[in-house]
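Trainee: Could you take a close look at one part of this model for me, the second largest pocket, and then walk outward from there into the strands around it? I'd like one connected story rather than a list.

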Amino acid sequence: LWVSITVVSACIFLTRLAAPQPAHANPPFAYSYDPNQKRWDMSNGVVHAAFDLDGNGHFSLIQFDDTGSNVWSAPLLTTSSPISLQFGATAYGAATAFRLVNQYVDNPNLATQRQVVLLQDLNGTVQIELDLEMYLNQPVLRHHLTITNIGFNKQSVEALDLLPYAFAAPA
């Protein structure tokens, strides 16, 4: 009887160790959206990024920082945006006015959190899905664009800036 209880207890203990554990009460990811300011803040506990859609409809990076004292922000009087492409004859970027169609947070897996922002240009030509991803314990912000032609003309991407951000020189 004692051997049986010991074996059963050991099996329960090993099963508990091998079973997936629920997420922490305070997960390292902290993503928020302020609908009044149209501002997104996202952090994975290692780095933080903030974006906004200003009153003119320009989508931009406010700042990227680590948990120390390092802060990277756009140069004075310059907008830094993850969007920089030419679709047909039209350039889309920091100076383009967009309207917010939708936004939500996605968790593709336990080690990744994604902020999805769906924007449409005011001319109704394109919709741009912007995915901003952070990874558990990694000082990384990955962005991914999906461009959908919602206009009537057949067009293609003519140019794309893969590293469109502009940062101010350190003081």
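**The second largest pocket and its surroundings**

Mentor: Sure. Buried residues account for 32% of the 171 residues in the protein chain. Keep in mind that this is a predicted model. The chain has one helix and twelve strands, and reading from the N terminus, the order is α-β-β-β-β-β-β-β-β-β-β-β-β.

Now to your pocket. The second largest pocket holds about 160 Å³ of space. Its lining is made up of Leu 61, Phe 64, Val 140, Leu 141, Arg 142, His 143, Tyr 165 and Phe 167. Two elements give two or more residues to that lining, β4 (59–66) and β11 (141–149). Of the elements, β11 gives the most, with three residues. If you sort the lining by class, you get six nonpolar residues, one polar and one charged.

Let's follow β11 first. Its antiparallel partner is β10 (residues 126–135), and nine bridges hold the pairing. One of the lining residues shows up right there: Leu 141 in β11 is the bridge partner of Met 134. So the pocket residue Leu 141 can be placed on the ladder by looking across to Met 134; by definition, two strands pair if DSSP finds at least two bridges between them.

The two strands also make a hairpin, with five residues between them. Asn 137 lies in that loop between β10 and β11. Its phi is near 60°, a positive value in a residue other than glycine. Why look twice at that? Most residues other than glycine have a negative phi. Asn 137 counts as exposed because its relative accessibility is 55%, and the cut-off for exposed is over 50%.

Next, Tyr 165, another residue in the pocket lining. Tyr 165 sits in the segment after β12. With 18% relative accessibility, Tyr 165 counts as buried, since the cut-off for buried is under 20%. Tyr 165 also has a long-range neighbour to check: Ser 84 is 81 residues away in sequence, yet the C-alpha to C-alpha distance is 9.0 Å.

From the segment after β12, step back to β12 itself. An open sheet of three strands runs in the order β7-β6-β12, with antiparallel pairing. Its edge strands are β7 (90–92) and β12 (157–160), each pairing on one side only. From one strand to the next, the twist averages 20°. Within that sheet, β6 (residues 85–87) and β7 pair in the antiparallel sense over three bridges, and Gln 86 stands opposite Ala 91 in β7. As background, strands of a sheet pair through backbone hydrogen bonds, either parallel or antiparallel.

Back to the other main contributor, β4, which gives two or more residues to the lining. This strand also takes part in an aromatic contact. A search of the whole structure finds six aromatic pairs. One of them is Trp 40 with Phe 59, a tilted pair at 5.5 Å centre to centre and 55° between the planes. Trp 40 lies in β2 (residues 39–43) and Phe 59 in β4, so the pair ties together parts that are 19 residues apart in sequence. Both rings belong to buried residues: Trp 40 has a relative accessible area of 0%, and Phe 59 counts as buried at 0% relative accessibility. The contact extends further, too, with Tyr 33, Trp 40, Phe 51 and Phe 59 forming one aromatic cluster.

Tyr 33 and Trp 40 are linked in another way. Strand β1 (residues 30–34) runs antiparallel to β2, joined by five bridges, and Trp 40 in β2 is the bridge partner of Tyr 33. These two strands form a hairpin with four residues between them. Lys 38 lies in the loop between β1 and β2, and its phi is near 50°, a positive value in a residue other than glycine. Lys 38 counts as partly exposed, because its relative accessibility is 33%.

To pull the threads together: β11 leads from the pocket lining to the hairpin with β10, while β4 leads from the lining to the pair of Trp 40 and Phe 59. Tyr 165, also in the lining, leads to the segment after β12.

Definitions and conventions: Residues numbered from 1 in each chain as written. Predicted model: local features only at pLDDT ≥ 70, side-chain atom pairs only at ≥ 80, totals over all residues. Heavy atoms only, no water. 1 Å grid on protein atoms, 1.4 Å probe; cavity = no way out; pocket = protein on both sides within 12 Å on 5 of 7 lines; lining within 4 Å. Points joined across faces, edges and corners; volume = space filled by probe spheres on them. Nonpolar A, V, L, I, M, F, W, Y, C, P; charged D, E, K, R; others polar. Axes fitted to C-alpha atoms, helices over the stretch in contact; angles between N-to-C directions. Phe/Tyr/Trp six-rings, centres within 6.5 Å; stacked < 30°, edge-to-face > 60°. Buried < 20%, exposed > 50% of the residue type's maximum accessible area, 1.4 Å probe, protein only.
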